[in-house]
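Got a two-chain model to look over? Here it is, followed by some questions and answers.

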Amino acid sequence: MVEAFAVASGKGGTGKTTATLALGMALAEEHDVTVVDADTGMANLLFHAGLADVDATLHDLLVDDADATVADATYERFGMRVVPCGTDLAAFAAADPARLRDVVAELAADADVLLLDSPATLGSKSAVLPVVLADRVVLVLNPTVPALSDGLKVQEYALSYDTGVAGVLFNRVRDPAAVENVRETGAGYFEGPVLGSVPEDDAAAAARRAGEPLLAHAPESEAATAFRDAAARLDVRPGDADDVAERFRRAVVPDEP
Amino acid sequence: MTPDGTPVFDRVVADAGEVLAAALDRSLTGTAVLEPGDAVLLDGEGRGVLGIRDGVPVAARHAGTGRTGADAVADLADAGPYRVTLYANPDGPADAGGAVDPAVPADLLASDVDLAARLREAAPADAGGPADSADAVEAFLADEETIAGIRERAREEAARRAEEWGFADATE
């Protein structure tokens with residue numbers, strides 16, 4: 001039984017990768033969690049998860065006649081399975097993002113929760129693909145006008161592709177009053193609940209520098225606590241793994257990155 | 001010297017516009033290090049550094065000539081292919097030299113008029129300004145007509161692109 005979430009923002013700088021790993025670690029207390037760096041154009045997750053020096057990454061699974069297996073590029077870290085993406089030129093040039101669907105279909109067999117760390121853009125086919133493939137999106141937003149506007153766009157894309165909205169997670173919050181405004185005035189614009197409000201916290205930057213997820217690096221920090229609360233509000237609705245895998249394999253996907 | 005931040009992109013690109021567009025699409029904040037192909041022989045002296053905020057180039061410095069701003073960008077022009085490393089650093093670009101007009105790198109390095117226009121448009125008139133405030137968020141959320149328009153346009157765009165991109169099955 002598995003549910004696939006695309007963790008998406010539509011805009012960079014919202015702390016999406018930090019949020020993906022934090023939700024993953026929190027959900028791993030109760031579920032088998034697999035986290036995939038689905039931003040094949042600009043890898044990031046490997047640096048947050050201490051995987052910068054690994055040999056096999058998602059890129060190696062997306063090439064013609066791949067020698068690597070999904071197991072080779074899957075790393076047991078922090079209580080989760082993590083599939084990082086690489087930053088290397090040759091691997092990126094040879095990678096076909098369309099193969100992501102087959103990789104995710106295979107990963108679905110062994111997970112309760114799949115978190116796809118999605119590109120912070122809607123600018124290309126491959127960037128939108130995780131939103132198309134997922135059951136639901138988690139929108140990671142800052143409570144600012146540009147981020148809310150982009151979040152609404154991602155939501156409409158998701159709904160257009162029959163992908164649900166699991167909720168909105170406000171991150172890097174400097175002004176809690178802005179989040180309250182959204183709760184009171186804007187909650188109706190979003191299809192899912194507000195999962196939480198995570199304060200801007202130096203611990204997140206320190207964790208990134210240390211190459212560890214926030215919940216491993218500073219589990220008692222204010223931000224880590226807020227992420228755990230948000231994960232607890234996320235109602236996981238696992239579907240049949242075979243159905244999910246089949247849906248991924250059937251998805252019509254782009255020819256070009 | 002390696003800039004602070006997380007390396008998120010490390011590639012040789014024939015067209016520097018590719019990396020400027022990637023940084024813009026993702027609203028990257030950090031530093032881009034561009035090393036022209038022949039600079040490998042110059043022990044890094046031909047390398048240029050761009051400071052980027054919210055996807056928009058804001059500063060430039062050239063290691064070899066010591067020039068900054070638009071001059072530093074000019075020193076890099078016509079020198080591709082480049083090895084480009086992008087470092088994400090939410091704390092902002094550090095030590096990236098003198099201020100540069102947001103569109104200058106796209107103009108000089110990529111001769112890409114459309115990208116230059118997108119970058120100019122994306123550049124904040126007053127960085128960190130009122131769009132971040134609770135009052136601005138409140139005013140935005142109260143404007144139902146604007147929000148309905150954003151959603152409607154996004155739906156139309158998603159449907160149009162589904163057709164273009166072959167996602168049509170997903171929308172049926």
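A residue counts as buried if 20 or more other C-beta atoms lie within 10 Å of its own, exposed if 12 or fewer, and partly exposed in between, with C-beta atoms placed from the backbone. This is a predicted model, where local features need pLDDT of at least 70, side-chain atom pairs count only at pLDDT 80 or more, and totals for chains, interfaces and linings use all residues. Residues are numbered from 1 along each chain as its sequence is written, while chains are lettered from A and ligands numbered from 1 in the order in which they are written.

Q: In helix H5 of chain B, which residues are exposed on the other side from the buried ones?
A: Helices (H or I, at least four residues) and strands (E, at least two) are DSSP runs, numbered from the N terminus. In H5(B), residues 134-142, the buried ones are Val137(B), Phe140(B) and Leu141(B). They fall within an arc of 95 degrees seen down the axis (taking directions from the helix axis to the C-beta atoms), so they line one face of the helix. Across from them, the exposed pair is Asp135(B) and Ala142(B).

Q: What do the buried residues of H5(B) pack against?
A: Contact here says that two C-beta atoms, placed from the backbone, lie within 7 Å. By that test, the partners of the buried residues of H5(B) belong to chain A, and they are H7 and H8.

Q: Which helix gives the largest share of the side of chain A that touches chain B?
A: Across the interface, 44 residues of chain A are in contact with 42 residues of chain B. On the chain A side, H4 (89-94), H6 (125-133), H7 (145-160), H8 (176-186) and H9 (202-210) each supply at least two residues. The largest share, nine residues, comes from H7(A).

Q: How many residues of the side of chain A that touches chain B are charged?
A: Ala, Val, Leu, Ile, Met, Phe, Trp, Tyr, Cys and Pro go down as nonpolar, Asp, Glu, Lys and Arg as charged, and the others, Gly among them, as polar. On that basis the side splits into 23 nonpolar and 13 polar residues, and the charged ones number eight.

Q: Which are the edge strands of the eight-strand sheet in chain A?
A: Strands pair if DSSP finds at least two bridges between them. The sheet is open, with mixed pairing and the order S3-S4-S2-S5-S1-S6-S7-S8. Two strands pair on one side only: S3(A) (75-77) and S8(A) (194-199).

Q: Which residue of S8(A) stands opposite Leu169(A)?
A: S7(A), residues 164-173, pairs with S8(A) in the parallel sense over four bridges. Opposite Leu169(A) stands Gly196(A).

Q: How many of the twelve residues of H1(A) are buried?
A: H1(A) covers residues 16-27, and 1.5 Å times one less than its number of residues gives an expected span of 16 Å. Its end C-alpha atoms are 16 Å apart, which agrees. The helix is largely enclosed by the rest of the structure, because the number of buried residues is twelve of the twelve.

Q: How far apart in space are Ala111(A) and Asp32(A), C-alpha to C-alpha?
A: Ala111(A) sits in the loop between H5 (100-108) and S5 (113-117) of chain A, and it is buried, with 24 other C-beta atoms within 10 Å. Beyond its neighbours within four places in sequence, its contacts are Val2(A), Asp32(A), Val33(A) and Thr34(A). Although Ala111(A) and Asp32(A) are 79 residues apart in sequence, their C-alpha distance is 5.1 Å.
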